[in-house]
Amino acid sequence: MNVEVERKFVCDPDIHTKLKDIGAICIGQKRFQDQYFDSPDFDLTLKDFWLRCREGCWELKCPVPKMTYNIQKDSQAEGLCSRYKEITSLPEIKAELTKVLAEGLAHRIGNCNENTESDVGAAVCDTMDNWLRERNLTCFAKYTTERCSFSLAEEGVEGVVHVDLDQADFGYCVGEIEILVPDGGDIQAALHRIERTADKLGLCGGQRVQGKMDVYLQRHNPDHYSKLLAAHIL
Ligand code: V4E
């Protein structure tokens with residue numbers, strides 16, 4: 001299971017030239033549609049869990065507690081980067097969601113021992129659609145992205161940095177510098193490497209940059225958006 005560490009940035013018109021100048025190689029362009037799912041009370045996203053179907057492939061992004069990796073609090077990258085554990089196996093996604101939803105349920109009904117985790121996960125479902133329906137999880141965001149991907153190697157450093165330039169179909173562009181860290185790998189080193197790449201690209205400013213979801217929800221579901229802001233998720 002990988003941890004995705006990433007920093008978003010505002011794309012300026014020179015970004016392609018800058019990427020070329022620092023030795024990044026364009027590895028392709030693709031277009032994909034994403035659908036995100038949650039309950040009517042936002043039980044997943046208010047806990048920072050993001051369930052997505054991208055062109056038929058399921059993924060659950062789960063929050064990684066910052067203290068887990070003993071990351072320096074004063075690092076600039078620390079403040080600007082996000083990190084999520086990515087689960088792509090359907091049985092593991094269902095198991096994790098069952099746990100998260102059961103916690104929410106237990107929280108709402110106090111210490112009632114009925115409707116526990118095993119009850120929530122017990123139903124036998126033939127398809128993911130049915131599984132979601134039984135848990136009242138529906139699509140709350142749907143958009144298409146045109147993505148141009150780059151890969152950047154560094155001399156003497158293992159692995160690559162990925163840079164994605166995304167153009168969403170609702171008219172928002174954003175860049176991402178991203179490193180996939182294998183489970184148990186060095187998150188701190190990834191944060192430093194992202195910071196070095198950002199410096200090389202001349203990205204300045206310590207401002208958090210909005211992702212596609214921020215802008216989508218702001219426009220399409222301001223109630224969901226303000227709840228996420230209030231919970232410090234976005
Ligand atoms: C984790 C998350 C969301 C899910 C998708 O996020 P994002 O990485 O922006 O999408 P995308 O299309 O680039 O996915 P990829 O191809 O990299 O898998 S939507 C909102 N969040 C939370 C979040 C956050 N709190 N802070 C930042 C900087 N990003 C996302």
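A residue is called buried when its relative accessible area is under 20%, exposed when that area is over 50%, and partly exposed in between. The exercises below apply these classes and related criteria to a predicted model.

**Exercise 1. Burial of Arg193**

Determine in which helix Arg193 lies and whether Arg193 is buried or exposed.

Solution.
1. Arg193 belongs to helix H6.
2. The relative accessible area of Arg193 is 6%.
3. The cut-off for a buried residue is under 20%, so Arg193 is buried.
4. Along the chain, Arg193 and Glu154 are 39 residues apart, yet a distance of 9.3 Å separates their C-alpha atoms.

**Exercise 2. Geometry and ends of helix H6**

Describe the length of helix H6, its buried residues, and what is found at its two ends.

Solution.
1. Helix H6 covers residues 187–200, which is 14 residues.
2. From the first C-alpha to the last, H6 reaches 20 Å, close to the 20 Å expected at 1.5 Å a residue.
3. The buried residues of H6 include Ile187, Leu191, Ile194 and Ala198, and also the polar or charged side chains of Gln188, Arg193, Glu195 and Thr197.
4. The N-terminal end of H6 is capped by Asp186, which places a side-chain oxygen 3.2 Å from the backbone nitrogen of Gln188.
5. Just after H6, Gly202 has a positive phi of about 70°.

**Exercise 3. Surroundings of the ligand**

Establish where the ligand sits, which residues are closest, and which side chains make polar contacts with ligand oxygen atoms.

Solution.
1. The largest pocket holds the ligand.
2. The shell around the ligand draws two or more residues from each of strands S1 (2–9), S2 (25–38), S3 (50–54), S4 (57–63), S5 (81–87) and S8 (172–182), and from helix H7 (212–220).
3. The ligand is surrounded by 21 residues, of which the closest are Lys8, Lys61, Glu176, Lys212 and Ile233.
4. A polar side-chain atom of Glu176 is 2.5 Å from a ligand oxygen.
5. For Lys212, the corresponding distance from a polar side-chain atom to a ligand oxygen is 2.7 Å.
6. For Glu4, an N or O atom of the side chain is 3.0 Å from an oxygen atom of the ligand.
7. Taken alone, the ligand exposes 640 Å², and the protein buries 93% of that area.

**Exercise 4. Glu59 and its partner**

Identify the strand that contains Glu59, its burial class, and the residue whose side chain it contacts.

Solution.
1. Glu59 is placed in strand S4.
2. Its relative accessibility is 11%, and Glu59 therefore counts as buried.
3. The side chains of Glu59 and Lys61 are joined by a polar contact of 3.1 Å.
4. Lys61 is also one of the residues closest to the ligand.

**Exercise 5. Positive phi outside glycine**

Explain why the phi angles of Glu55 and His232 merit inspection, and state where each residue is found.

Solution.
1. Most residues other than glycine have a negative phi.
2. Glu55 is not a glycine, yet has a positive phi of about 50°.
3. Glu55 is located in the loop between S3 and S4, and its relative accessible area of 53% makes it exposed.
4. His232, likewise not a glycine, has a positive phi of about 60°.
5. His232 is located in the segment after helix H8 (222–230) and, at 70% relative accessibility, counts as exposed.

**Exercise 6. Residues apart in sequence**

For Asp166, Val160 and Asn136, give the location, the burial class and the C-alpha distance to one residue elsewhere in the chain.

Solution.
1. Asp166 is in strand S7 (residues 157–168). With a relative accessible area of 2%, Asp166 is buried. The C-alpha atom of Asp166 is 8.7 Å from that of Lys212, across 46 residues of chain.
2. Val160 is also in strand S7. At 32% relative accessibility, Val160 is partly exposed. Val160 and Leu180, 20 residues apart in sequence, are 8.8 Å apart from C-alpha to C-alpha.
3. Asn136 is in the loop between helix H5 (128–134) and strand S6 (138–154). Its relative accessibility of 43% makes Asn136 partly exposed. The C-alpha atoms of Asn136 and Phe37 are 9.6 Å apart, although their positions lie 99 residues apart along the chain.

Technical notes. Residues are numbered from 1 along each chain as its sequence is written. This is a predicted model: local features need pLDDT of at least 70, side-chain atom pairs count only at pLDDT 80 or more; totals for chains, interfaces and linings use all residues. Side-chain values use heavy atoms; hydrogens and water are left out. Helices (H or I, at least four residues) and strands (E, at least two) are DSSP runs, numbered from the N terminus. The expected span of a helix is 1.5 Å times one less than its number of residues. Buried means under 20% relative accessible area, exposed over 50%, partly exposed in between (1.4 Å probe, protein chains only). A polar contact is a pair of N or O atoms within 3.5 Å; within protein, one must be able to donate a hydrogen and the other to accept it, and residues adjacent in sequence count only if both atoms are side-chain atoms. A residue is near a molecule or strand if one of its heavy atoms lies within 4 Å of it. Accessible areas come from the Shrake-Rupley method with a 1.4 Å probe; for residues, only the protein chains shown count as cover. On a 1 Å grid over the protein atoms alone, a cavity is a set of points where a 1.4 Å probe fits but cannot get out, and a pocket is an open set with protein on both sides within 12 Å along at least five of seven lines; lining residues have an atom within 4 Å of a point. A molecule sits in a cavity or pocket if more than half of its atoms lie within 2 Å of its grid points.
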